[in-house]
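Good morning, colleagues. Please turn to the sequence and the model that I am about to show.

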Amino acid sequence: MAEWKRFDYSNAEKILEAKDVVVKFNLRGRVLTAIRGISMELYKGESLAIVGESGSGKSVFTKTFMGLLDQNGWVDSGSITYTGGAFSQEGIDLVPLKQEKDWLKIRGKEIAMVFQDPMTSLNPLKTIGKQIQETVELHQNLKGAEAKKKTLDILTDVGITDPERRYKQYPHEFSGGMRQRVVIAIAMACNPEILICDEPTTALDVTIQAQILSLLHKLQEKYSLTIIYITHDLGVVANVADRIAVMYAGDIVEVGLCEEIFYNARHPYSWALLSSLPQLGVKGEPLYSIKGTPPNLFNEIKGDAFAPRNPNALKIDFEIRPPYFEVSPTHKARTWLLDPRAPKVEPPALIARMFEKWKEVSPNA
């Protein structure tokens, strides 16, 4: 793997903090609890990757930062405090915001999002240039020639060559990778503090994936962005994330520095995710797959939500939800296996090998 990029957390400044956030949806007369009491900090200038299976709540959680929940969803309890940009002095709790005029002060200007499918984000009847320029005019108070010049600069920033010609083209004239660059350009035209990238490389081939991730890293450095990556693929964020938060069934079950999650994961679900990575498979051996299915979120979850799929589950895992146990000042996991009273459970062979590799390069392992 490439050399890890280090973010200095010793003097890190919080830009967003979620505390005990619960999100619910009303579906056909029944209430589904999509987010189950999540607490999380986001630091200015870092890259945080939120990983987990489809349906684990990654997108729902981050949509609460922008007031983008569907009409049948609501934040039932908790707080989300944003302290960046125009709100750096006093901060603002995003949960009580209900009116669209209030969200317009946050959405785009402060927190912007790159959505999964660029074709559903772009208007097929408008040129690329006009769509980006609209955002520039709305969020940067530029008009006419100034707005167009800024639009061309942004197209250049996201790696689109011949911006004058591309400005006049429509979305169908672009490849998938180029459309993704345009969607990133629209988000950057808002000049945000936080950029949320929801599966930014889905449906792109491996080479284009690498180009898009490299582009996001360059934009982060140029514009001092704080980036949240949402993905189900740990391999995608291996070389771009400073920290990784592992989500399962609407909860963050483990969070730590990138190398801590890859080389010293402690939650059984993190073990399972890592074991499923094709890149880490052993030639001649079958690729690992997680048995069972995620829990039904219409039902109340007792204990550790992953317990029914965990071959090493303890009796207490089915009865009491585990608290967070600290592995290091930057690493914690919600699993009873870290309780001093728990029996010693050996991680899968692949995870043990990863830990041995880490001990070779990290004197504090």
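What volume does the largest cavity have? Before I answer, please note that this is a predicted model. The volume of the largest cavity comes to about 50 Å³. In total, the structure holds 2 cavities of 30 Å³ or more. As general background, a probe the size of a water molecule, rolled over the atoms, shows where empty space is left.

Which residues line the largest cavity? From the earlier part of the sequence comes Arg 36, and further along we find Tyr 248, Asp 251 and Val 253. The lining also takes in Gly 303, Asp 304, Ala 305 and Phe 306, together with Arg 321, Pro 322 and Arg 334. By class, this lining divides into 5 nonpolar, 1 polar and 5 charged residues.

I turn now to the second largest cavity, which has a volume of about 30 Å³. Its lining is formed by Glu 53, Ser 54, Gly 55 and Ser 56, along with Tyr 248, Ala 249, Tyr 269 and Pro 294. Here the classes are 4 nonpolar, 3 polar and 1 charged. Tyr 248 deserves a second look: this residue appears in the lining of the largest cavity and again in that of the second largest.

Tyr 269, which helps to line the second largest cavity, leads us to helix H11. How many of the residues of helix H11 are buried? The helix spans residues 268-275, and 8 of its 8 residues are buried. Besides Tyr 269, these are Pro 268, Ser 270, Trp 271, Ala 272, Leu 273, Leu 274 and Ser 275.

Next, the sheet. Four strands make up an open sheet in the order E2-E1-E4-E5, and their pairing is antiparallel. At its edges lie strand E2, residues 30-43, and strand E5, residues 92-93, each of which pairs on one side only. Strand E1, residues 14-27, runs antiparallel to E2 and is joined to it by 11 bridges. Within this pair, Val 23 stands opposite Ile 35 of E2. In general, strands of a sheet pair through backbone hydrogen bonds.

Finally, I would draw your attention to Ser 59, located in helix H1, residues 58-63. Which residues does Ser 59 touch, leaving aside those up to four places away in sequence? They are Gln 116, Asp 198 and Ile 230. In the case of Ile 230, the separation from Ser 59 is 171 residues in sequence, while the C-alpha atoms are 7.1 Å apart in space.

Terms used:
Residues are numbered from 1 along each chain as its sequence is written. This is a predicted model: local features need pLDDT of at least 70, side-chain atom pairs count only at pLDDT 80 or more; totals for chains, interfaces and linings use all residues. Side-chain values use heavy atoms; hydrogens and water are left out. On a 1 Å grid over the protein atoms alone, a cavity is a set of points where a 1.4 Å probe fits but cannot get out, and a pocket is an open set with protein on both sides within 12 Å along at least five of seven lines; lining residues have an atom within 4 Å of a point. Grid points are joined across faces, edges and corners, and a volume is the space filled by probe spheres set on the points. Ala, Val, Leu, Ile, Met, Phe, Trp, Tyr, Cys and Pro count as nonpolar, Asp, Glu, Lys and Arg as charged, and the others, Gly among them, as polar. Two strands pair if DSSP finds at least two bridges between them. Helices (H or I, at least four residues) and strands (E, at least two) are DSSP runs, numbered from the N terminus. Buried means under 20% relative accessible area, exposed over 50%, partly exposed in between (1.4 Å probe, protein chains only). Contact means heavy atoms within 4.5 Å.
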